[in-house]
Amino acid sequence: MHRFMMGLARAMAMVGGVVLTALILITCVSVLGRTLNTILHSGLSEALLGGFAKTLLDTGIGPILGDFELVEAGIAFTIFAFLPLCQITGGHASVDIFTSRFPLRVNRFITLVGEVLFALVLALIAWRLNAGMQSKMLYGETTFLLQFPIWWAYAASFASACVAAFVSVYVAMMRLGEFVTNRELIVQEGAEH
């Protein structure tokens, strides 16, 4: 079961990485286009390039239409796509100034409570994303510039949030098993905190 969950978490992180890379490229191309558009509209470029500046502008050099809408829609998906891997590897940041002095059993209990709360919060977020998606579908809301249905972004975020909640419930169950049996069931693969 752990191998399946780890594979699922890694697959989600890879998909999230592809989407994040695409969002970065969209942002960079849009900023470059906006900068070139500004430069080509300046009096200096008109003086130096003459009609060529107008020809370049006529090709459509400028920002990507709706770039912020695409980034807004994609970034929520990527956040939820990275959460399962972070959760299963124990990659979340933690501060253990006081708890490092506690006995192992107490630390396991604290970890268990944190994992259960995290799983509950992710399940709540997935539930509310589903409600939001249903609402956006019902009213047919679209984005301002690109006019794509807003529920698409909700659906992508909902799917990745469901996977994150699923993996979090698994991790919480493993932490419960660790607390009950007093032995390590999931090896922390994340960074040392």
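**Close-up 1. Helices α1 and α4 run roughly antiparallel to each other (an angle over 145 degrees, on a scale where under 35 is roughly parallel, 65 to 115 roughly perpendicular and the rest oblique).** In this predicted model, local features need pLDDT of at least 70, side-chain atom pairs count only at pLDDT 80 or more, and totals for chains, interfaces and linings use all residues. Residues are numbered from 1 along each chain as its sequence is written, and side-chain values use heavy atoms, leaving out hydrogens and water. Here α1 (residues 2-40) packs on α4 (residues 67-89) at about 150 degrees, the axes lying 8 Å apart. Helices are DSSP runs of H or I with at least four residues, numbered from the N terminus; axes are lines fitted to C-alpha atoms over the stretch in contact, with angles from 0 to 180 degrees between N-to-C directions.

**Close-up 2. A salt bridge joins R34 and D67.** Their closest N and O atoms are 3.8 Å apart, within the 4 Å allowed between a Lys or Arg side-chain nitrogen and an Asp or Glu carboxyl oxygen. R34 sits in α1 and D67 in α4, so this pair ties together parts 33 residues apart in sequence. The structure holds five salt bridges.

**Close-up 3. Helix α1 also meets helix α6 (residues 150-181).** Their axes come within 11 Å and cross at roughly 150 degrees, so α1 and α6 are roughly antiparallel to each other. Their crossing is left-handed, meaning that the near helix is turned anticlockwise from the far one by less than a right angle.

Definitions and conventions
Helices (H or I, at least four residues) and strands (E, at least two) are DSSP runs, numbered from the N terminus.
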